[in-house]
Amino acid sequence: WEMLSSQCAFDVGSEPMANAVFAELDDDYGVQGSVAGWIVSMVNVFGRNGGFKAIRDELMAAGETPLATARARALLRPVFEVRDFFTAEFLDWFGGAFGPVTERLLQLSDEDLKSDFRLVQDINIYASVLYRNSCREGVRQAMDTFRLRMALKCFLSPFLERRLVGLTDLCGIIDEVAAWKGRQANTKQELEDRPWITCQYLCGWIGENKVLESVFVRNVHAEVVKRSARVLTFLANNDAFGNREAEMVWGASQGKHESVQKCVLELLAACCLHHESPDPLRTLIGLAEPLAPAAFTVSHALLLRCATASLLTLSKRSPEVDLAHSLAGMRKLWELTQDDAGALPDVYRASLTHLVDCLEYSEAPALQLHFARESVENLRRHRSAHHSLYALYRQLRVALAKQEGGAVLLGGGVASERDLVGVVLDDMRFAHERARAQLAALGAGTAWEEAMEGPYPHSAVQERRTQFLTSVLMLTGAELSRGDVDCVWETLARGGGGSG
């Protein structure tokens, strides 16, 4: 921020003052005698009579004595308007005022920043453009540092509007810095455009200034949380989002209004896709596991799905990432789909979809066979048939396409397609008798539609069984015996289940 002693020609009282060149015509602005030439003449006259010296002196004193925001804007605006005519030497000299002016802006009270914000924005633009056009050493560093400090000042304001502006500015800086990650500046223009701030520096700055704490610990607001996504993904992409950050952000979802909880969980879910380290993913799954099914929301299920899928992706890249935590996330989704879990219907459906997506995405036979066994076991115990049939069908279809259907069947505890058909028919028969008992308990005249299997009507689950049998027969070429057909007829047509 120091003055350049070599620019004394622009100071009043110096010998060369009368001949100092403050502005000059560029070839793009025509010839002497044009309007541009007249402007250059007036600028030089103004400067040689001490005009710019007076403006600069008042701006330089802003760091020592308070300078009204409106006054600072009034001083800078005319200089800004004729910036294209100034010589590089003059801009180097005048740029000494950048430091005091920006420090004055950073010292404004929260109330003054709110009331004078439009003036502050103008001053920021005027001073930054003038300073950027100079040839001073460290220009980019000074400007980038000021942008960060100003964004932080707005972000820490008690006023929501200012907080959002500060967060938006910070996200803009993040985008600029991230765009240069791994790039080299090959031209003069690229060298001028390249930020002084690096990804490593910015990650450290975010941590040192407790940006995440300001979003997720103090004064938590749904809109601020929603707009902080870029900050989290940037940290995750640069391996600066660890277990501590995961626990901190998760904590913002606990005991908060459902709108805040939804924002936080969806933000964490989106962030999972950017992690290069398995540790925060394992932490998030571990935090979600103890929750009771009744406390789960669709957003919780989405978070489990994203964390699990990201772990599966990392396990494909590195054998050192074990599948234990992926299995834990999928087990929790499986638990939420059990008939007796007590999860809300929308959570039940979302968990089933996410579980099947993870099963199809995973290429780990151990995971696929584990849930094939769980599905067949449910059918044998005549429970949670709806989702078990759905999960088993999706796995079997993918496995058959890879000519690995036998592995899924054997892993599920059945010797062949024929045995699988027998398990489903036995479950169909048992469910039919159970529904009859339900209707008898409800009294004569009760419709079949009132018989339930978990959260689903009995008739809908019987239809799912029929669809599964049809699919298995079509995919594998297996056939039903006469006794099998009689069983289906008995449970559907004669039972009045609605699917006959």
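## Report on a predicted chain

Thr 233 is in contact (heavy atoms within 4.5 Å) with Cys 271 and His 274, leaving aside its neighbours within four places in sequence. This is a predicted model, in which local features need pLDDT of at least 70 and side-chain atom pairs count only at pLDDT 80 or more, while totals for chains, interfaces and linings use all residues. Residues are numbered from 1 along each chain as its sequence is written, and side-chain values use heavy atoms, with hydrogens and water left out.

**The chain as a whole**

The chain holds 26 helices and 2 strands. Helices (H or I, at least four residues) and strands (E, at least two) are DSSP runs, numbered from the N terminus. Of the 500 residues in the chain, 48% are buried. Buried means under 20% relative accessible area, exposed means over 50%, and partly exposed lies in between (1.4 Å probe, protein chains only). The accessible surface of the chain is about 23700 Å², and 52% of this belongs to carbon and sulfur atoms. Such areas come from the Shrake-Rupley method with a 1.4 Å probe; for residues, only the protein chains shown count as cover. Among contacts in the chain with a separation of 6 or more, 71% are between residues 24 or more positions apart.

**Four residues and their places**

| Residue | Place | Relative accessibility |
|---|---|---|
| Glu 24 | segment before H1 | 45%, partly exposed |
| Val 45 | helix H1 (residues 35-48) | 42%, partly exposed |
| Thr 233 | helix H14 (residues 229-237) | 13%, buried |
| Val 376 | helix H21 (residues 365-380) | 2%, buried |

Val 376 counts as buried because its relative accessibility is 2%. Its C-alpha atom is separated by 8.2 Å from that of Leu 420, and the two residues are 44 residues apart along the chain.

**Surface patches**

Val 45 counts as partly exposed because its relative accessibility is 42%. Together with Trp 38 and Met 42, Val 45 makes a nonpolar surface patch of about 320 Å². Patches are made of residues with over 30% relative accessible area and no salt bridge; like charges are joined within 9 Å, and nonpolar side chains (Val, Leu, Ile, Met, Phe, Trp, Tyr) within 5 Å. A salt bridge is a side-chain nitrogen of Lys or Arg within 4 Å of a carboxyl oxygen of Asp or Glu.

Glu 24 belongs to a negative surface patch, formed with Asp 26, Asp 84 and Glu 89. Asp and Glu count as negative, and Lys and Arg as positive; His and the chain ends are not counted. The place of a charge is taken as CG of Asp, CD of Glu, NZ of Lys or CZ of Arg.
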